[in-house]
Number of protein chains: 2
Amino acid sequence: VINYKYSNTLEKARGVCVKSTLREIGERDSVKLIRAVLDSASDIGEGDDCAVLELGDNYLLLTTDVIVEGRHFPRGTDGRTVGWLVVAVNLSDIAAMGGKPLGVVVAAALPKHKSAAYLKAVSRGMKACAASFDTEVVGGDTKESRITTLAGFALGIAPKDKVMLRKGAKPGDMLAVTGTLGLAAAGYHSIKSKPKKGSKKGLEALLKPRPLIGEGLILSGTGKVTSCMDLSDSLASSLHQLSELNNVGFEVEYEKLPISKEVHSCGIEPKRAALYFGGDYQLLLTIKKNAFSGVKKSLKKSGTNLTIIGRVTKKADKILIVDDKIERLENKSYEHFK
Amino acid sequence: VINYKYSNTLEKARGVCVKSTLREIGERDSVKLIRAVLDSASDIGEGDDCAVLELGDNYLLLTTDVIVEGRHFPRGTDGRTVGWLVVAVNLSDIAAMGGKPLGVVVAAALPKHKSAAYLKAVSRGMKACAASFDTEVVGGDTKESRITTLAGFALGIAPKDKVMLRKGAKPGDMLAVTGTLGLAAAGYHSIKSKPKKGSKKGLEALLKPRPLIGEGLILSGTGKVTSCMDLSDSLASSLHQLSELNNVGFEVEYEKLPISKEVHSCGIEPKRAALYFGGDYQLLLTIKKNAFSGVKKSLKKSGTNLTIIGRVTKKADKILIVDDKIERLENKSYEHFK
């Protein structure tokens with residue numbers, strides 16, 4: 001979610017020419033423009049995965065994510081997968097802030113020619129995903145549309161003193177990721193490659209991602225995480241976002257990246273898959289120096305691994321170290337089924 | 001919003017053939033089907049404007065409503081109006097339950113050829129509407145789409161002992177509406193008629209509706225309202241919904257309907273405008289017998305009028321009395337810009 005509770009005047013859309021089209025200004029400036037207009041007093045949750053509302057000692061976390069057929073999932077994807085996906089991508093935003101989900105609503109816009117069986121499958125997928133993470137799809141709205149479009153909204157809650165924000169990374173902190181990188185890329189490859197080179201695990205990561213709700217709760221509980229976000233965008237793009245928000249840089253060691261075995265076995269370029277592809281719903285986090293082994297141990301209870309991949313630096317560079325050579329991390333990510 | 005927290009087995013989609021298309025089964029059975037799949041334990045908020053989550057002595061109210069260009073607003077509508085509309089229709093669902101809005105998020109899917117000025121205007125409209133009702137647009141998401149589609153999501157809160165539900169109408173209760181009926185129809189007429197016969201007030205009611213947040217809070221505060229919903233669907237369709245949910249009927253006296261002057265002055269058929277058109281974001285409510293004058297007096301503080309239009313009956317008929325003749329209320333409503 002793009003959080004509009006935003007007060008950084010430097011970020012305002014002073015430079016955006018209002019005569020431009022959205023194609024010309026791109027998503028980045030579109031967001032700046034909206035932020036500049038909606039600018040409000042609070043800066044909690046600035047740029048975070050969820051918007052944040054205060055409620056006593058807690059924050060309510062609100063997020064929305066839309067998935068569109070042919071853009072976020074391929075045409076012909078079965079309904080159950082689509083239903084799972086729309087709930088999962090929204091819960092992932094709650095997970096990234098260490099929140100506990102309270103409920104999900106889904107507004108589904110579907111073409112009239114779709115079958116009732118398809119709708120039933122979508123509903124089952126939504127229910128299955130929500131139930132897996134101890135929450136429910138509590139409501140929604142149905143509309144007609146030419147292209148299958150599902151807008152999900154998730155509500156979560158997190159104690160104020162535990163919530164994980166994108167802001168907070170400090171020079172000297174360790175940079176870490178959960179799980180592996182590039183599985184979604186391997187899954188994408190198994191759809192697009194001819195002849196098909198399958199990665200069932202990859203396909204599952206791409207279209208039926210598992211939001212890391214339990215992991216987020218454990219991580220936030222340690223009190224040692226200084227910033228966190230999910231990796232729905234690419235690792236490189238996420239690092240650029242964290243860098244800008246925290247006014248810090250990152251040094252990433254390529255050989256430490258936990259690149260999925262599936263990436264190697266399906267023959268796609270590992271660097272591209274792990275750094276620039278996106279679609280992995282893992283968590284990217286910074287941790288207080290010396291606290292890593294404790295955090296990793298806590299997380300082990302959930303069955304998820306945590307890997308140090310680099311560190312936070314003072315200089316706002318985003319660099320990758322490969323065999324002692326330094327490369328710059330580009331700020332790019334893909335929309336996969338365009 | 002269609003509330004999926006639903007436990008009435010009679011309402012289940014036993015009869016829906018899964019081979020049918022959504023065109024064949026229609027929205028009504030689509031909803032039954034989703035409900036049957038998502039069926040959960042709670043029946044609070046059954047069929048209500050918002051989905052409901054318990055939070056101590058309060059309910060959190062969650063709702064979502066999508067607006068699509070060419071369907072819910074005419075092509076070419078200015079951005080500010082579109083932004084206002086998406087926030088207003090969502091806040092109206094909060095109002096209908098007597099809730100206080102906590103925040104709104106909007107997922108906007110826009111064509112690339114739209115201008116930055118348009119996006120700015122949309123943002124301004126969203127902000128203006130939210131600010132008018134003492135809340136904020138706290139986050140959102142932007143995506144690309146061929147057709148301008150805005151999915152709004154509102155979060156509200158209401159004390160458990162004050163919340164107004166659709167369920168609760170009892171035979172003998174009075175049936176009442178706020179404000180006037182048919183203004184949105186008059187507005188629609190001013191767009192569609194050739195030569196144009198303007199109703200500026202009607203156009204405003206249609207495209208820049210005022211969610212009755214203050215009114216909902218006053219009404220729920222009286223403790224005398226037995227059921228309530230907004231009139232975004234037509235009056236006739238809303239009565240059918242309340243009838244089915246409460247297992248009661250309604251007698252409506254045509255001459256008591258507070259039909260807007262604009263309806264008469266623009267020359268459209270008053271009965272169709274007031275009963276079947278929809279798009280008026282007024283509140284439809286049932287009130288304990290003998291409590292009407294007290295409730296009307298309380299509501300007057302908000303400047304909004306309350307009119308008795310009939311009563312709740314034991315027999316599940318939905319009838320209209322015109323000059324002592326009895327007509328049945330049809331179950332119909334329109335999607336206006338189809």
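Here are some questions and answers about a predicted model.

User: Let's begin with the two chains. By what turn can chain B be laid on chain A?

Analyst: Good place to start! Laying chain B on chain A gives an RMSD of 0.0 Å, with a shift of 0.0 Å along the axis. The two copies are thus related as by a two-fold rotation axis. The turn that does this is 180°.

User: What percentage of the contact residues of chain B recur in chain A?

Analyst: The same surface serves both copies. The share of chain B contact residues that recur in chain A is 99%.

User: Now the sheet in chain B. Which strands are its edge strands?

Analyst: Seven strands of chain B make an open sheet with mixed pairing, in the order 8-10-7-11-9-12-13. An edge strand here pairs on one side only. That describes strand 8 (225-230) and strand 13 (325-328) of chain B.

User: In what sense do strand 8 and strand 10 of chain B pair, and which residue stands opposite B:Val225?

Analyst: Strand 8 and strand 10 (residues 283-287) of chain B are joined over five bridges, and their sense is antiparallel. Within strand 10 of chain B, the residue opposite B:Val225 is B:Ile287.

User: Which strands of chain B does helix 10 of chain B touch?

Analyst: Let's look at the helices on this sheet. Helix 6 (residues 213-222) of chain B lies across strand 7 (174-178), strand 8 and strand 10 of chain B, at about 10° to strand 10 of chain B. Helix 10 (residues 292-300) of chain B packs on the sheet too, and its direction makes about 145° with that of strand 11 of chain B. The strands it touches are strand 7, strand 10 and strand 11 (306-313) of chain B.

User: Over in chain A, what is the handedness of the crossing of helix 6 and helix 10 of chain A?

Analyst: The axes of helix 6 (residues 213-222) and helix 10 (residues 292-300) of chain A come within 9 Å and cross at roughly 145°. On the helix 6 side of chain A are A:Glu215, A:Ile218, A:Leu219 and A:Thr222, meeting A:Val295, A:Ser298 and A:Leu299 of helix 10 of chain A. These contact residues divide into four nonpolar, two polar and one charged. The crossing of helix 6 and helix 10 of chain A is right-handed.

User: How many residues apart in sequence are the parts tied together by A:Tyr188 and A:Phe277?

Analyst: Over all chains there are five aromatic pairs. A:Tyr188 and A:Phe277 form a tilted one, 5.3 Å centre to centre with 50° between the planes. A:Tyr188 lies in helix 4 (residues 183-192) of chain A and A:Phe277 in the loop between helix 9 (270-276) and strand 10 (283-287) of chain A, so the pair links parts whose separation in sequence is 89 residues.

Note on methods. Residues numbered from 1 in each chain as written. Chains lettered and ligands numbered in written order. Predicted model: local features only at pLDDT ≥ 70, side-chain atom pairs only at ≥ 80, totals over all residues. Heavy atoms only, no water. Least-squares fit on C-alpha atoms with pLDDT ≥ 70 in both. Contact = heavy atoms within 4.5 Å. Pairing = 2+ DSSP bridges. Helix = DSSP H or I, 4+ residues; strand = E, 2+ residues; numbered from the N terminus. Axes fitted to C-alpha atoms, helices over the stretch in contact; angles between N-to-C directions. Left-handed = near helix turned anticlockwise from the far one by under 90°. Nonpolar A, V, L, I, M, F, W, Y, C, P; charged D, E, K, R; others polar. Phe/Tyr/Trp six-rings, centres within 6.5 Å; stacked < 30°, edge-to-face > 60°.
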